[in-house]
Amino acid sequence: MSVITRFAPSPTGFIHIGNIRTALICYMVAKSQGGKFMLRLDDTDLERSKKEYADAIEEDLAWLGLNVDLKAKQSERLSRYEEVKQQLIDAGRLYPCFETPEEIEIKRKMLLSRGKPPIYDRSALSLTEDQKQTFIDQGKPVHWRFKLDEKAVIEWDDLVKGNIRFEAKNLSDPVLIRADGSPTYMLPSAIDDMDFAISHVVRGEDHVSNTAIQIQLFEALGSHIPTFAHHSLMKGKDGKISKRKGGFSIQDLRHEDHIEPMAILSMLARLGTSEPIEIRHTLQEILDHFDITTFTKNTAIYEVEDLKKLNTKLIHELSFDQVKDRTELNNIDETFWLSVRGNIDTLADIQTWRKICQDSLDPIIDSQDKEFTQKASQLLPETPWNEETWTIWVNTLKDNTDRKGKSLFMPLRKALTAQDHGPELKYVLPLIGREKAIARLNGTHA
């Protein structure tokens, strides 16, 4: 069987960093074995699912380079789910239940109060046909549960968590069809995995118990059973990943924090593994170093500040050829890029230094430095300028003034750039040019 994985988000909101980690692992499992990567939108919640979110999911995946080979929407397959629903009813594996949510909650609390697990008691199975009809005539809503083989032991070898074993008698018969007639997550997911020949189901460890149930569903439908990999969940160092702290939404990371796709992918490819996080410049590099067995059972710790640091490191390694076509580098040549690259954290920061060097600004000159900066303007070397110009100029200033060290360098930096930090001035000075430099050293807006 060829390898096919699926990423199955619900388009009820924008995807976040945890979603993308799952998508990336799915992608790596498939592509490392020459397989296909599928995007399946779990949009059976017709009220909450929105086209804008579905479009954003596809856009974010494309931005990250996680190109999709196959696509499907569950909302377009409802008739198929109805067909399988009837198949399960006819086989005696799906049975109607009439308890209200309040009645189910009462049963649950009673079991817990007696120290027993809150497993459904299957009382609906003992209803006679007349009793069922009476409930229907009374207008009582009906939901449908899947009848597990309670004598079965459900077992599989998980690619991340190792051998996993459940006894079906310890599981509740799950609701597959809600009272409003809509399917729960469980049924469409199993049907789609069967119909699209999904070979590997890769998802978070919070789905482990779902897998036990879905294996019985696969068996009831006569389907192949996929290989499973349940990766650990992501958390912040102090607990849950917080939307308030930032770094949660891919949209925010992309548009507000200006994080590079390869910084995100480089981090997520190794997060929760036994391997160190390293900068990769292409997806192929990531695939070349991918090994599912390096993923551990330990919680994956994610902090947006770590991602930002990784992004800065990536930016500092980028050649001009790698960025020259990006819109952020309008009016930027290779000399300019190489001059300021080491002092920016995101590609968007390049425009700050373009404005400093090419546009007008108000220099910052402290009162005690005015005489010095004016003297410095008079001693500026003639053009043409290069990286040696700064050294020549500074040596001249040392010989002709009583300044050296920070008392010499800082007034020049603040006058020339209106900043107290930044790239080495030997690179910046030629970018500013002699005319602007003279004006700024004399306190003129230039």
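Guide: Buried means under 20% relative accessible area, exposed means over 50%, and partly exposed covers what falls in between. Keep in mind as we go that this is a predicted model.

Visitor: Okay, let's use that. Is His-258 buried, exposed or partly exposed?
Guide: His-258 sits in the loop between α8 (250–255) and α9 (261–270). Its relative accessibility is 33%. Partly exposed is the class between under 20% and over 50%, so His-258 counts as partly exposed.

Visitor: And what is the phi of His-258?
Guide: His-258 is not a glycine, yet its phi is positive. The value is about 55 degrees.

Visitor: Which other non-glycine residue has a positive phi, near 65 degrees?
Guide: Look in the loop between α12 (320–323) and α13 (334–340). The residue there has a relative accessible area of 63%, and exposed means over 50%, so it is exposed. The residue with phi near 65 degrees is Asn-331.

Visitor: Which peptide bond is cis?
Guide: Go to the loop between α15 (370–378) and α16, where Pro-384 lies. The bond leading into Pro-384 has omega near 5 degrees. So, by name, the cis bond runs from Thr-383 to Pro-384.

Visitor: On to helix packing. How are α17 and α19 oriented to each other?
Guide: The axes of α17 (residues 406–417) and α19 (residues 434–441) come within 8 Å and cross at roughly 110 degrees. The crossing of α17 past α19 is right-handed. Angles of 65 to 115 degrees fall in a single class, so α17 and α19 are roughly perpendicular.

Visitor: How many charged residues are in the contact of α17 with α19?
Guide: On the α17 side you have Leu-412, Ala-415 and Leu-416, and they meet Ala-437, Arg-440 and Leu-441 of α19. Five of the contact residues are nonpolar and no polar ones take part. Arg counts as charged, so the number of charged residues is one.

Visitor: How are α16 and α17 oriented to each other?
Guide: α16 (residues 389–400) packs on α17 at about 125 degrees, with the axes 11 Å apart. The crossing is right-handed. An angle of 65 to 115 degrees would be roughly perpendicular and one over 145 roughly antiparallel, so α16 and α17 are oblique.

Visitor: How many nonpolar residues make the contact of α16 with α17?
Guide: From α16 come Trp-390, Trp-393, Val-394, Leu-397 and Lys-398, while α17 brings Leu-408, Phe-409, Leu-412 and Leu-416. One contact residue is charged and no polar ones appear. Lys counts as charged, so the nonpolar count is eight.

Visitor: What about α15 and α17, how many polar residues are in that contact?
Guide: These two pack at about 80 degrees with axes 10 Å apart, so they are roughly perpendicular. Phe-372, Thr-373 and Ala-376 of α15 meet Ser-407, Leu-408, Pro-411, Leu-412 and Ala-415 of α17. Six of these residues are nonpolar and none are charged, and the polar count is two.

Visitor: How many residues does the largest nonpolar core have?
Guide: Leu-66, Tyr-302, Trp-337 and Trp-393 have the most contacts inside this core. Its largest share, nine residues, comes from helix α1 (residues 17–31). Beyond its near-sequence neighbours within four places, Trp-393 is in contact with residues including Leu-380, Leu-412, Leu-416 and Leu-441. The core's residue count is 85.

Visitor: How many residues are in the second, separate core?
Guide: Besides the largest core, with its 85 residues, there is a second, separate one. It includes Trp-156, Met-194, Phe-218 and Phe-228. The count is 33.

Visitor: Which residues is Ser-223 in contact with, leaving aside neighbours within four places in sequence?
Guide: Ser-223 is in the loop between α7 (208–220) and β10 (227–231). Its relative accessible area is 14%, under the 20% cut-off, so Ser-223 is buried. The contacts of Ser-223 are Met-194 and Phe-218.

Visitor: Last one: what distance separates the C-alpha atoms of Trp-144 and Gly-181?
Guide: Trp-144 lies in strand β5 (residues 143–146) and is buried, at 17% relative accessible area. Leaving aside neighbours within four places in sequence, its contacts include Ile-89, Tyr-95, Pro-174 and Ile-177. Trp-144 and Gly-181 are 37 residues apart along the chain, and their C-alpha atoms are separated by 9.0 Å.

Definitions and conventions
Residues are numbered from 1 along each chain as its sequence is written. This is a predicted model: local features need pLDDT of at least 70, side-chain atom pairs count only at pLDDT 80 or more; totals for chains, interfaces and linings use all residues. Side-chain values use heavy atoms; hydrogens and water are left out. Axes are lines fitted to C-alpha atoms, for helices over the stretch in contact, and angles run from 0 to 180 degrees between N-to-C directions. Helices (H or I, at least four residues) and strands (E, at least two) are DSSP runs, numbered from the N terminus. Angles under 35 degrees count as roughly parallel, over 145 as roughly antiparallel, 65 to 115 as roughly perpendicular and the rest as oblique. A crossing is left-handed if the near helix is turned anticlockwise from the far one by less than a right angle, and right-handed if clockwise. Contact means heavy atoms within 4.5 Å. Buried means under 20% relative accessible area, exposed over 50%, partly exposed in between (1.4 Å probe, protein chains only). A nonpolar core is a set of buried Ala, Val, Leu, Ile, Met, Phe, Trp, Tyr and Cys residues joined through side-chain atoms within 4.5 Å.
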